[in-house]
Amino acid sequence: MQIRTKLTILFTIITATILLAFAFVIYYSAKESRRKEFNTLLSKEAYTKANVFLKAKVDRETLQEIYRNNRKILNEVEVAIYDTDFNLIYHDAVDIDFVKETANMLANIRTKGEISFYQDDWQVVGLLYTYEGQQYIITAAAYDQYGYSKLDNLLKTIISVFIISMLVLYFAGRLFSRKAFEPIKQMTDRASDISATNLDLRLDTHGDKDELSKLASTFNEMLERLEKSFDAQKHFVSNISHELRTPLAAIIAELELSTNKDRALADYKSAVIKALDDAKKIARLSNSLLDLAKASYDPSEISFKPVRIDEVLLDARQQIQKINPNYKIDIHFENDFENDDHILVNGNEYLLKVAFANLFDNGCKFSTDKQSTVSIYFGQGKIILRFSDKGIGIADDELDKIFSPFYRGKNRTFTDGNGIGLSLTQKIVSLHKGILSVTSVKNEETTFVIELSSMA
């Protein structure tokens, strides 16, 4: 069942319940009002006939004649008068008596002074009446045809109005729900047109501040993020393809040239060495991509534990120098630490080693002296690492681009690379809630500064 239909039915049921309760209150109030008014009328009739009979001394036959004549055209009140010994003194029409007074009934009236009750649909009142020091018991009964007729008409009117109101409310509810859900239908139609090929489409917000406009804005913001993610993914895949294609093409070319004709042993060895270098480039690229993927994980899925920064730096230096024995890496402590907590960070040892190794490798790779230095400062709950080199430097207009994946600046001709290292390093530092910044002077020096929170 559609939400629009559910809301229409719910709206109709709630409104019907309210109307039903309102109608019940009206009918019950009218019913009680009729009963009280008719009781008052019966009491007046009883007192009037007792006065006429006892005070005015109108004879019994006259009163009975009047009653019988009136009874032919209207519902005349039937009155009976008893003394306190329960002897009948007067009755309008004993032969057609409707209320059969009993001794218990008369005793009850004498005790309470006044009672009222129903006998079938007839309404009966019993009164204690005093005249010249003598008490009399009077009963008066009648059928309120006019009152019951009014109540019956009221009930029919309420039922008719209720049924008509339900029909009107149902169709009004459908019209209202259709109007209310029209913006949602437009949003659904618009959203169904959005696919991976046209993520630039957006939902209309109409500039309002209602809930639907906020929902549309939130959906548009999600589309914005998806579009950027898709673009980044396409760019990423394109760069990977380019980085892989170049060494693979070189390997294929070397192997094809080697198989075209017989060559000297030295030529074969040279071709194998070149192919091996290109294969290593692919391996390094694969490892970098794997590390980049790890650094892009949800932080909640990465294991963090207390890690000594000095030990990670030593491992990173050993890793780099094992691959490049000619690299010179110095580790310098600017101040002493009082306890181990000053040199501990809550981090992932593997990822931190990858980040430090990238900065060591970059510093040595882009320096003519193949040397990189890291200075470590501890204090105020922070660990500050400055990776510096005396290399070729970075142009000012490239400083804000070097952390983009696969970006390679004007220094690409100086040495080979894939442009992933700095992007990966920045992700790792961000993952550890640290700050990475860079300053550089062209052809003089470059310094990368990492600021991490210690466990002190």
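Hi everyone, this is a short tour of the aromatic contacts in one structure.

Please keep in mind that we are looking at a predicted model. A search of the whole structure turns up nine aromatic pairs, and I'd like to walk you through two of them.

Let's start with Tyr-170 and Phe-171, whose rings meet edge-to-face. Their centres are 5.5 Å apart, with 80 degrees between the planes. Are these two residues buried or exposed? Tyr-170 is partly exposed, at a relative accessible area of 31%. Phe-171 has a relative accessible area of 54%, so it counts as exposed.

Now over to Phe-356 and Phe-387. This pair is tilted, with 35 degrees between the planes and 5.7 Å from centre to centre. Where do the two partners sit in the chain? Phe-356 belongs to helix α8, which covers residues 349-365, while Phe-387 is in strand β10, residues 382-389. That puts them 31 residues apart, and the pair links distant parts of the chain.

What about accessibility here? Phe-356 comes out at 1% relative accessibility, so it is buried. Phe-387 is buried as well, because its relative accessibility is 2%, and the cut-off for buried is under 20%.

There is a third ring to mention: Phe-360 joins Phe-356 and Phe-387 in one aromatic cluster.

Finally, a contact of another kind, for those of you who like cations and rings. Which ring does the charged end of Arg-34 sit over? That would be the ring of Tyr-148, with the charged end 4.4 Å from the ring centre.

That's my tour, thanks for listening!

Conventions:
Residues numbered from 1 in each chain as written. Predicted model: local features only at pLDDT ≥ 70, side-chain atom pairs only at ≥ 80, totals over all residues. Heavy atoms only, no water. Phe/Tyr/Trp six-rings, centres within 6.5 Å; stacked < 30°, edge-to-face > 60°. Buried < 20%, exposed > 50% of the residue type's maximum accessible area, 1.4 Å probe, protein only. Helix = DSSP H or I, 4+ residues; strand = E, 2+ residues; numbered from the N terminus. Lys NZ or Arg CZ within 6 Å of the ring centre and 35° of its normal.
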